[in-house]
Number of protein chains: 2
Amino acid sequence: MGALLDKAAKFLKQRENNIIVFLLLRAQEPGNKTSYQRGKSGFANYDGSYFDHWLNEIEIAGSKSNRYSFPGETSFFKNLPEPELELVRPDTGLFEVALPDVDIAKEIREAYLSLIPKLCDSRDDRNTYGSSAEMDVLAFQALSLRIHYGALYVAEAKFQENEEKYTSLIRAGDVNGIETALTRPKVEEEIRDRIQKKVSGLQTIMDLKIKVDPQLIMDFYDNTIIPLTKKGQVDYLMKRIN
Amino acid sequence: MGALLDKAAKFLKQRENNIIVFLLLRAQEPGNKTSYQRGKSGFANYDGSYFDHWLNEIEIAGSKSNRYSFPGETSFFKNLPEPELELVRPDTGLFEVALPDVDIAKEIREAYLSLIPKLCDSRDDRNTYGSSAEMDVLAFQALSLRIHYGALYVAEAKFQENEEKYTSLIRAGDVNGIETALTRPKVEEEIRDRIQKKVSGLQTIMDLKIKVDPQLIMDFYDNTIIPLTKKGQVDYLMKRIN
């Protein structure tokens, strides 16, 4: 494994913890379905949901602090305020031209919101909207970073390891071929195993009141996180060569 | 155990998880000591630290969403914007008159900041200030809620269970006597045991790169969290009867 792929794999593995922990803590709060409904936020002159409002506030604060200047950090809302800090951008090793085109935050948000009714119970308690939205935003941000980071760094690492093969697939516009080349079934199997162990181990040790079926999170990895990461990787690679 | 004390104990036990998880995740980032230094935030015309700036942004957003209208949620910064949502305050069972006087957010912030050099390594990397400040604020908020919630609800529950005794201690201004009455060594011993198991279990399962000595968090409970909670309880009780 090359150095860039090794670094990216370690990052993704550590960030799994954030995703799992935030999902488990989110599950402790009521489902709060009204908090996701447009026009029911309770804020005057605000069309979005309570969740949207909190996400927007946090993204505004993050943008001022340069959060979205880092490759992989991708906001859902656009039109955020300009970064207020001097940009000290790390040497990422990425092909920077392609970065702005890799943005699947919208799909990630949709996928996250459709997980909620399966993750949480059906209680709806306005007094807990703050607690649930806080975890929602943390979980969404952890997911968005994981998926975009995987899309950029893992794709770049794989491209560098097999430039000839990817170049011909990209030139041929062979999206299926690229996806196949990107797929490593053994790694996906390892991820599934780790998720299962982490979900069941963490909630046991935390002695959580409301338990989450590890299969739900494994399925979310299989059906959402991994496919969306691949979609982002394809988006990145299609722009990788001119 | 009365219903109020039982409810409060369960809340505190669940919130232990948030504190421990955020501290463990914070420890994965560099110590970033410059991010706590006043005047070095990088924001134009801002005197505080990078950490202060982020804390203030998050508290401003929280205040608009009524976060600080809930007993136990206590901001460090004052002068925050007014809540923008209609207040649906839960029936807390607390003696509301005393609430505004229980505010030890300043002490909690200081205590948290002095934990950082022991919790984190000595690296200082501006590109990770966002990640470290995010966890700092989550940890500070979890600590503040735990301590203030314990101060209010546990004190009220104990007062209700032994009103006569507490009334005479309060009337006599016997702070030491109140602290002694509040202290349950067996519960404190149980907390220590749980912290030890949770810190060591959680970081093993998460396979964290940087491990935290469980003793550090146990000591933080012993020397900071529990004493500050008691200080808050005394503050609450001294205002409890007129």
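**Notebook: rings, helix crossings and loop residues**

I began with A:Phe77, which counts as buried because its relative accessibility is 17%, below the 20% cut-off that I apply for burial. I note here that I am working from a predicted model, and that the values I write down are computed from it.

**Aromatic pairs**

I then looked up how many aromatic pairs there are over all chains, and the structure holds 12 of them. One of them joins A:Phe76 and A:Phe77 in an edge-to-face arrangement, with 4.9 Å from centre to centre and 80° between the planes. In chain B I looked up the pair formed by B:Phe43 and B:Tyr50, which is tilted, with the ring centres 6.3 Å apart and an angle of 35° between the planes. Both B:Phe43 and B:Tyr50 turned out to be buried. I also followed the ring pairs that involve A:Phe11, and found that they link A:Phe11, A:Tyr149 and A:Tyr153 into a cluster.

Returning to A:Phe76, I checked what lies over its ring, and found the charged end of A:Arg109 there, 4.5 Å from the ring centre. I made the corresponding check in chain B, where the charged end of B:Arg109 sits over the ring of B:Phe76, 4.5 Å from its centre.

**Helix crossings in chain A**

For two packed helices I record the angle between the axes and the distance between them. I took helix 1 (residues 3-27) of chain A with helix 4 (residues 129-161) of chain A, and found that their axes come within 9 Å and cross at roughly 165°. Helix 1 of chain A is therefore roughly antiparallel to helix 4 of chain A, since an angle over 145 degrees is counted in that way. The crossing of helix 1 of chain A and helix 4 of chain A is left-handed. I sorted the residues of this contact between helix 1 of chain A and helix 4 of chain A by type, and they divide into 19 nonpolar, 4 polar and 8 charged.

I next looked up helix 1 of chain A against helix 3 (residues 105-119) of chain A, where the axes come within 10 Å and cross at roughly 50°. Helix 1 of chain A is therefore oblique to helix 3 of chain A, and I entered the crossing of helix 1 of chain A with helix 3 of chain A as right-handed.

**Loop residues**

My last entries concern backbone angles and loops. Most residues other than glycine have a negative phi, so I wrote down two that do not. A:Asn45 has a positive phi of about 55° although it is not a glycine, and I placed A:Asn45 in the loop between helix 1 and helix 2 (50-64) of chain A. A:Asn45 is exposed, with a relative accessible area of 83%. In chain B, B:Asn79 has a positive phi of about 60°, again without being a glycine, and B:Asn79 is found in the loop between helix 2 (50-64) and helix 3 (105-119) of chain B. B:Asn79 is exposed too, at a relative accessible area of 83%.

Is A:Ser75, a residue of the loop between helix 2 and helix 3 of chain A, buried or exposed? I found A:Ser75 to be buried, with a relative accessible area of 8%. I also looked up the separation of A:Ser75 from A:Ser144, which is 69 residues apart from it along the chain, and the C-alpha atoms of the two are separated by 8.0 Å.

Definitions and conventions: Residues numbered from 1 in each chain as written. Chains lettered and ligands numbered in written order. Predicted model: local features only at pLDDT ≥ 70, side-chain atom pairs only at ≥ 80, totals over all residues. Heavy atoms only, no water. Axes fitted to C-alpha atoms, helices over the stretch in contact; angles between N-to-C directions. Helix = DSSP H or I, 4+ residues; strand = E, 2+ residues; numbered from the N terminus. Parallel < 35°, antiparallel > 145°, perpendicular 65-115°, else oblique. Left-handed = near helix turned anticlockwise from the far one by under 90°. Nonpolar A, V, L, I, M, F, W, Y, C, P; charged D, E, K, R; others polar. Phe/Tyr/Trp six-rings, centres within 6.5 Å; stacked < 30°, edge-to-face > 60°. Buried < 20%, exposed > 50% of the residue type's maximum accessible area, 1.4 Å probe, protein only. Lys NZ or Arg CZ within 6 Å of the ring centre and 35° of its normal.
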